[in-house]
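Grab a pencil and open the viewer. Below are some short exercises, each followed by a worked solution.

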Amino acid sequence: MEKFTIEATLENLPAVTEFITSSLEEKDCSIKIIMQMELVIEEIYVNVASYAYRPNIGTVTIYKSFEDTPPAITVTFVDSGTPYNPLEHEDPDINAGIDARQIGGLGIFLVKKNVDEISYERKDGQNILTFKKFF
Amino acid sequence: MEIKKELNGTTLILKIIGRLDASNAQELTGTLNSSLDGVKELIFDLADLKYVASAGLRALLMAQKRMNKQGSMKLRHVDETVMEVLEMTGFADLMTIEK
């Protein structure tokens, strides 16, 4: 398992994305899988960067590990910010008409749609969000 | 991301190039807020948009809500990856999309 710790700011999004996608490129993942992972990483990270430590700045640690049969990546985001379980968010009604369409809630919905397993745990004052994706 | 604007009478074409994500969606919202007065038809040319995240979808949804009040809006030349995200979120049913 490899880990990467960085200040959770929006400016650091490209570095976080790179930490994950560089490995997927080495493993010859399809462009489609890489794009889906970029989306998942962005949505999770932007939430942490925007809300976890507001109005202060804290760090986030990201772990990645791989399995070969079947090929899969497991990623864990750990922050010590405000307790927040994004999985408790109710999914937006994707069949709602334009007037009833809510502006929020889309990010975590996209995360759930693009991973195979996801779980949240609050432990030792930390938010721990882990997901797995087969490729 | 780069935004190219073309105004023909009351038709505004916005060509969005690159990636529309949390780092730049505000820029698109700003462009929309300052450009839509008097516009009756808004066309997004998305041929060169390769990636969209929820922050970008929010900007598109705001544009759609506004254009419903003053005219029409459509997305043109939508890239395959972007189309998947639009379909996944139900946006494909809310918006007029020309392949």
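**Exercise 1.** Is B:Val82 buried or exposed, and how many other C-beta atoms lie within 10 Å? Place the residue in its chain and find its contacts.

*Solution.* Keep in mind that this is a predicted model. Start with the count: B:Val82 has 22 other C-beta atoms within 10 Å. The cut-off for buried is 20 or more, so B:Val82 is buried. Next, its place: B:Val82 lies in helix α3 of chain B. Now look beyond the four places on either side in sequence, and B:Val82 turns out to touch B:Leu46, B:Leu49 and B:Val52. Finally, try B:Ala53: from B:Val82 the gap is 29 residues in sequence, and the C-alpha atoms are 8.9 Å apart.

**Exercise 2.** Work out what chain B brings to its contact with chain A.

*Solution.* First count the residues: 17 come from chain B and 18 from chain A. Then sort the chain B side by element: α2 (54-70) and α3 (80-88) of chain B each supply at least two residues. The most comes from α2(B), with seven residues. Last, sort that side of chain B by class, which gives seven nonpolar, seven polar and three charged residues. As for confidence, the predictor gives the complex an ipTM of 0.88 and a pTM of 0.93, and chain B averages a pLDDT of 96.

**Exercise 3.** Trace the sheet of chain A: what is the strand order, and which strands stand at the edges?

*Solution.* Walk across the sheet and you get β1-β2-β3-β5-β4 in chain A, an open sheet of five strands with antiparallel pairing. At the edges stand β1 (2-7) and β4 (117-123) of chain A; each has a single partner strand, so one side of each lacks a neighbour in the sheet. From one strand to the next, the twist averages 15°. Now add the helix that packs on this sheet: α1 (residues 13-26) of chain A touches β1, β2 (59-67) and β3 of chain A, and its direction makes about 5° with that of β2(A). Then zoom in on one pair: β3 (residues 72-79) and β5 (residues 126-134) of chain A run antiparallel and are joined by eight bridges. Within this pair, A:Val75 stands opposite A:Phe131.

**Exercise 4.** Which residues touch the most other members of the largest nonpolar core?

*Solution.* The core has 61 residues, and the ones to pick are A:Val40, A:Ile44, A:Tyr45 and A:Val48. Ask next which helix gives the most to this core: it's α2 (residues 31-52) of chain A, with 11 residues. Now follow A:Val40 outward, skipping residues up to four places away in sequence: it touches A:Val111, A:Asn114, A:Val115 and A:Phe131.

**Exercise 5.** Hunt through the loops of chain A for backbone oddities.

*Solution.* Begin with omega. A:Arg54 and A:Pro55 are joined by a cis peptide bond with omega about 0°, and A:Pro55 sits in the loop between α2 and β2 of chain A. Another cis peptide bond joins A:Thr69 and A:Pro70, with omega about -10°; A:Pro70 is in the loop between β2 and β3 of chain A.

Then check phi for residues that aren't glycine:

- A:Asp28 has a positive phi of about 55°. It is in the loop between α1 and α2 of chain A, and with 8 C-beta neighbours inside 10 Å it counts as exposed.
- A:Asp124 has a positive phi of about 50°. It is in the loop between β4 and β5 of chain A, and it is exposed, with 8 other C-beta atoms within 10 Å.

Notes
Residues numbered from 1 in each chain as written. Chains lettered and ligands numbered in written order. Predicted model: local features only at pLDDT ≥ 70, side-chain atom pairs only at ≥ 80, totals over all residues. Contact = placed C-beta atoms within 7 Å. Helix = DSSP H or I, 4+ residues; strand = E, 2+ residues; numbered from the N terminus. Nonpolar A, V, L, I, M, F, W, Y, C, P; charged D, E, K, R; others polar. Pairing = 2+ DSSP bridges. Axes fitted to C-alpha atoms, helices over the stretch in contact; angles between N-to-C directions. Core = buried A, V, L, I, M, F, W, Y, C linked by C-beta atoms within 7 Å. Buried ≥ 20, exposed ≤ 12 C-beta atoms within 10 Å, placed from the backbone. pLDDT = per-residue confidence, 0-100.
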